[in-house]
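Trainee: Could you take me through one part of this model up close? I'd like to see how an aromatic pair is put together.

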Amino acid sequence: MEKYLIWYRLWLKSYGRKPSYWLQTAGMVLLLWVLSSISVPDSGNVTVGICHKGDGYAGQIAEKLSEGDSIFSFRIYEGEEELYRDVTAGKAECGFLFSEDFEDRIKSGSLKEAVTYICTPFTAKGEVARETVYSALLQVYSGEILKKSEAELYGDADTERTAALLERNRFYQEGNQVFRLEMESVDTGYGEADGRAETQVYPVQGMLGLFIFTVMFLSYGRKFETGGAAVERALNRAERRIYGYMGILAAGTLPAMAGMGVLWLGKGTEGLFGELLLMLLFLVVSGIWILAVCSLMRRSTSFLPGIVVMTVANLLICPVFADGSMYIPSLKYVSCLFPLGIYLRMHGLFL
């Protein structure tokens, strides 16, 4: 066992002397830092921000939205800076900012640019939220429309008639005489148990794992260099495999340590121990997997295309940026044929 640890230590020193190895690791750290700073809204996020001044018409609209029956959860913001910050950070799907003179605009009938819609390129449910807000705005604004139209229709204004019109308007808005909604549950045959109800992706952990896997995979290519397998020829078959395994394992050690440092800076100590255990398991499994698969590649002409194939396969099959199992359920099991897929699936189960 001591001999194997010495081999591992010598491999680490060998990689540590290569400037390209440190540059690759630095590039990985930079990429992970950029990815961790990007906030992508959760696909299940239904929070919509509302920011208004005063308790007039804007307050009535905000109250209707907050208390209404909707798929969205409307949150009232005191300041527009906080609203912009939450939408940008992905905490809110989108937001609506009512102008300070919104009440005067309602009374004058000039609603152009009275409400500012705030969203990001990642907003997916913004259009539906806009229709919901517009519906609530129209309910409030319809009363003003009736008051203005009364004089045009009847030639004069009458208090009792106005009250009757407004009451009738409220009756149609709150009742189901105009629009009747009937809901019926239909069994589609799919439930949460088959994994279609929720999907999870891990861009930071996925890119970290993919980079480590690629570096470890490339390290096997030394065997195709001139004199690259000289040491292995002096060993028996079993020791030859262990020596090669230690080299692959050592290649992924520094990137793994740097990646764990990025995760620690990004999320603190919360779940760090679990991340560390999964990373150790990922390194061990990746080394075994690469040693087994690459042993089938006898020439560099088959090894080099294999790098491209493995990288693309990991990106498409494993839940790095998208989870294909949401559309093709069998991909959930196919991804577990790759070390990265095992790493990310276990991450979803335990962390």
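Mentor: Sure, let's start with Phe338, which is buried, with a relative accessible area of 11%. Buried means under 20%, exposed over 50%, and partly exposed in between, using a 1.4 Å probe and protein chains only. Before going on, keep in mind that this is a predicted model, where local features need pLDDT of at least 70, side-chain atom pairs count only at pLDDT 80 or more, and totals for chains, interfaces and linings use all residues. Residues are numbered from 1 along each chain as its sequence is written, and side-chain values use heavy atoms, leaving out hydrogens and water.

A search of the whole structure turns up 14 aromatic pairs, and one of them joins Trp289 and Phe338. Rings of Phe, Tyr and Trp (its six-membered ring) pair if their centres lie within 6.5 Å; planes under 30 degrees apart count as stacked, over 60 as edge-to-face, and the rest as tilted. Trp289 and Phe338 are tilted, at 6.0 Å centre to centre with 40° between the planes. Trp289 sits in helix 11 (residues 272-294) and Phe338 in the loop between helix 13 (331-334) and helix 14 (339-350), so the pair ties together parts 49 residues apart in sequence. Helices here are DSSP runs of H or I, at least four residues, numbered from the N terminus. Like its partner, Trp289 is buried, with a relative accessible area of 18%.

As for confidence, the chain averages a pLDDT (the predictor's confidence in each residue, from 0 to 100) of 82, and 81% of the residues score at least 70.

Definitions and conventions:
Helix = DSSP H or I, 4+ residues; strand = E, 2+ residues; numbered from the N terminus.
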